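Reader: I'd like a close look at one part of this protein: the sheet and the helices packed on it. Could you walk me through it in plain language?

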Amino acid sequence: MKPEVGLHKATEFSLYLAWEAVSRSDVSNFERSSAHGRLAMTRPSAATSAMKLGTATHAAILEPETFEAGWVAAPKVDRRTKAGRETWAKFEAANATREVLRAEEFAQVEGMRDAVHAHPIAQQLLAAPGAVELSFVWERNVEGAGTILCKGRADRFTVFDGSPVIVDVKTTEDASPTADGFVRSCAKFGYALQAAWYLDGMAAIAPGERRFLFVAVEKKPPYAVAVHELDQWSLNSGRIQYERLLARYARAMTTDTWEGYPNQVHQIELPVWARRQMEGDEFDDVIY
């Protein structure tokens, strides 16, 4: 179904997924090629255990009532024994509609949730008046393809320091503001593209200045938390990236042509780290 342009509050995620509009994830899947993008659209990958854990963490942080109703910790029982099997059967019957996490996973989610709510700025972003899981739809004109319907879903939308902000919760290995910390995750997972996509989508519906803030929480104790904001150069780079990929998506959809890699001989070179390693090798003792 085609959704209406505008903001959509209290929209079930399953309905959002069914909307006939291109998302940031759809566009990102066209990075390697149109063929890879089509494959991702027609044969979505199954949710991994890491993805399920991330979903549970988002719910625990952003929608505590949903988390309480939808997830439960598995009891530690020995299902090789009769008593263990009986206990497990009773547990499954009582929690048929809930997602089951291992006890240590449940504790991990609770640890991340508590750490985020204990962080002064993160807590302010979560407690201030606003909307959670806010879906929005806008139109984007793409040269040669006409109008493309786009969609996004913000973890939270609120006001911070007098400015409207889109809040995005990320779990990460390293939340620090260093080059090897959350910055690396931004580069690896295309967070600049996401931030630009959401900011531009909101601006298309209601013009105005907004900020995009990441609440990053580490997956391991002490579950350290940091709040980050990409600089303007990074946002502009993300915008250029999504415009390029959106044009590739629109061209493929319009022409029904799903190209792989360019039909040419590609000249390639070893990465910098490999070249440095090889330059340090001693060749004098090598016998050919």
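Author: Sure. One definition to begin with: two strands count as paired if DSSP finds at least two bridges between them. Keep in mind too that this is a predicted model.

With that in hand, here's the sheet. Six strands make up an open sheet, in the order S1-S4-S5-S6-S7-S8, and the pairing is mixed. Its edges are strand S1 (6-8) and strand S8 (225-228), each of which pairs on one side only. Going from one strand to the next, the twist averages 40 degrees.

Now zoom in on S5, which covers residues 146-160. On one side, S5 is joined to strand S4 (residues 130-142) by twelve bridges, and the two run antiparallel. If you want a landmark for that pairing, Val-142 stands opposite Gly-146 in S5. S4 and S5 form a hairpin with three residues between them. Look for Gly-144 in that turn: its phi is positive, about 85 degrees.

S5 also pairs with strand S6 (residues 163-172), again in the antiparallel sense, over five bridges. Here the landmark is Phe-160, which stands opposite Ser-163 in S6. S5 and S6 form a hairpin as well, with two residues between them. One residue in this turn, Asp-161, has a positive phi of about 55 degrees.

How much of S5 is buried? Eleven of its 15 residues are, so the strand is mostly covered. Cys-150 belongs to that strand's stretch, residues 146-160, and it is buried, with a relative accessible area of 1%.

Next, the helices that lie across the sheet. Helix H7 (residues 103-118) lies across S6, strand S7 (211-218) and S8, and runs at about 130 degrees to S7. Helix H8 (residues 120-127) lies across S5, S6, S7 and S8, at about 115 degrees to S5.

H8 has two clear sides. Its buried residues are Ala-122, Leu-125 and Leu-126. They span an arc of only 95 degrees around the axis, which puts them on the same side of H8. There's a simple bit of helix geometry to recall here: with 3.6 residues a turn in an α-helix, residues three or four places apart point the same way. On the other side of H8, Pro-120 and Ala-127 are exposed. And what covers the buried residues? The cover includes helix H4 (49-62), H7, S5, S6, S7 and S8.

Helix H9 (residues 182-189) can be read in a similar way. Phe-182, Ser-185 and Cys-186 are buried in this helix. Their arc around the axis is only 105 degrees, which puts them on the same side of H9. The face turned away from that buried side carries the exposed residues Arg-184, Ala-187 and Lys-188. Covering the buried residues of H9 are, among others, S6, helix H10 (191-205), S7 and S8. After H9 comes Gly-190, whose phi is positive, near 70 degrees.

Finally, a word on the cysteines, since you may be wondering about them at the bench. Cys-186 is buried, with a relative accessible area of 11%, and Cys-150 is buried at 1%. Both count as buried because the cut-off is under 20% relative accessible area. A disulfide is a covalent bond between the sulfur atoms of two cysteines. This structure holds zero disulfides.

Key
Residues are numbered from 1 along each chain as its sequence is written. This is a predicted model: local features need pLDDT of at least 70, side-chain atom pairs count only at pLDDT 80 or more; totals for chains, interfaces and linings use all residues. Side-chain values use heavy atoms; hydrogens and water are left out. Helices (H or I, at least four residues) and strands (E, at least two) are DSSP runs, numbered from the N terminus. Axes are lines fitted to C-alpha atoms, for helices over the stretch in contact, and angles run from 0 to 180 degrees between N-to-C directions. Contact means heavy atoms within 4.5 Å. A disulfide is a pair of cysteine sulfur atoms within 2.5 Å. Buried means under 20% relative accessible area, exposed over 50%, partly exposed in between (1.4 Å probe, protein chains only). The arc is that of the directions from the helix axis to the C-beta atoms.
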